[in-house]
Structures are given as C-alpha cells and as structure tokens.
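Q: Please take a close look at the disulfide in this structure. I should like a connected account of its two partners, followed by a description of the surroundings in the chain.

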Amino acid sequence: MIKLLRFLPLCIFAGCATQQLDTGLKGLIGHPVNEAVARLGYPDNQREILGDRLYVWSTSHTALMPHMNTSTTTGSVGGMPVYGQTTGMTMAPVNAYCLIQLAVTDTGIIKSYQWQGNPIGCQMYARGFSR
C-alpha cells in the first residue's frame, strides 16, 4: 500500500496533464497560431526548418515531489526482539520539463504538433486547455 501511495501524486498528474495537453494540441490543428498563443502564452522561440515555420514553447526546472519512505527498526526489550516500521515523507527533487512544437503554414494555420516532457513539466501548458 505504501508503494502505491508513493507514486499516487505522479499518476494523478500523468493521467490529467498529459492527456489534457495532447487533446488540446490536437484540437488546435487547422486553427490560427494565435489560438495557441491564447492558450499557451507567447512562444519561447520560432524557427524555420525544412520549409516549415515552427513555434516552440519550452520549460525546464527543478521541482519538489513528495516521496514516501518506510524503514524498519529492530531492537530488544527485556531480551526479546522487537521490530517496528516507520513511514515518513520527504520532498525529492525532480527535473520538470516540457517541449511543444507547432508547425504552421505560411498563412499561420497550425498543421501539426509534437510535444515531449513529463507530467509535472507540462502541467502549466495543460492548464491552458482547461479554460
């Protein structure tokens, strides 16, 4: 049970943020790039690759996630062995990152997208699709 609780916060983020981001980006195909800017904010970069104009949003930072740990303690009382288990929580650093690229036509219409990252990094962009 403790092992399950250790990963519960990540599973909650993963199921929600990544699915919401992918669904939201898919819904932008065929729409003007200004709609993406309204949802995601201004892009961090724009570049031309193989004739395509790409708009890029990216973030990378260290975040703290709760981590449950269990330890077993042994000892003796009156010569009899005793065992105990303690459970605690610490905050562990994780690398939060997200990269979104939108390919846009000459007329500013989104034609495809790619994204990669982890749930905690992409969460801020996914929120743009919850409004």
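A: Cysteine 98 has a relative accessibility of 2% in this predicted model, and because buried means under 20%, cysteine 98 counts as buried. Its partner is cysteine 122, and the two sulfur atoms lie 2.2 Å from each other. A disulfide is a covalent bond between the sulfur atoms of two cysteines. The cysteines belong to distant parts of the chain: cysteine 98 sits in strand β3, which covers residues 80-104, while cysteine 122 sits in helix α3, which covers residues 119-126. Along the sequence, 24 residues separate the pair.

Cysteine 122 shows a relative accessibility of 0%, so cysteine 122 is likewise classed as buried. As for the geometry of the bond, the torsion about S-S is about 100°, and the disulfide of cysteine 98 and cysteine 122 is therefore right-handed. When the whole structure is searched, 1 disulfide is found.

Strand β3 also holds glutamine 101. The relative accessible area of glutamine 101 is 17%; this value falls under 20%, so the residue is buried. Leaving aside residues up to four places away in sequence, glutamine 101 is in contact with Arg47, Leu54, Tyr55, Val56, Ser112, Tyr113 and Gln114.

A contrasting position is provided by leucine 64, a residue of strand β2, which runs over residues 52-77. Leucine 64 has a relative accessibility of 52%, and because exposed means over 50%, leucine 64 counts as exposed. Together with Met89 and Met91, Leu64 makes a nonpolar surface patch of about 330 Å².

These details may now be placed within the chain as a whole. The chain contains 3 helices and 4 strands. Read from the N terminus, the order of the elements is α-α-β-β-β-β-α. Of the 131 residues, 27% count as buried, and cysteine 98, cysteine 122 and glutamine 101 each have that status. Among contacts in the chain with a separation of 6 or more, 61% are made by residues 24 or more positions apart. The accessible surface of the chain amounts to about 8,300 Å², and carbon and sulfur atoms account for 58% of this area.

In summary, the disulfide joins cysteine 98 to cysteine 122, and the pair links strand β3 with helix α3.

Terms used: Residues numbered from 1 in each chain as written. Predicted model: local features only at pLDDT ≥ 70, side-chain atom pairs only at ≥ 80, totals over all residues. Heavy atoms only, no water. Patch = residues over 30% accessible without salt bridge, like charges linked within 9 Å, V, L, I, M, F, W, Y side chains within 5 Å. Areas by Shrake-Rupley, 256 points an atom, 1.4 Å probe, with all protein chains shown as cover. Salt bridge = Lys/Arg side-chain N within 4 Å of Asp/Glu carboxyl O. Helix = DSSP H or I, 4+ residues; strand = E, 2+ residues; numbered from the N terminus. Buried < 20%, exposed > 50% of the residue type's maximum accessible area, 1.4 Å probe, protein only. Disulfide = S-S within 2.5 Å. Contact = heavy atoms within 4.5 Å.
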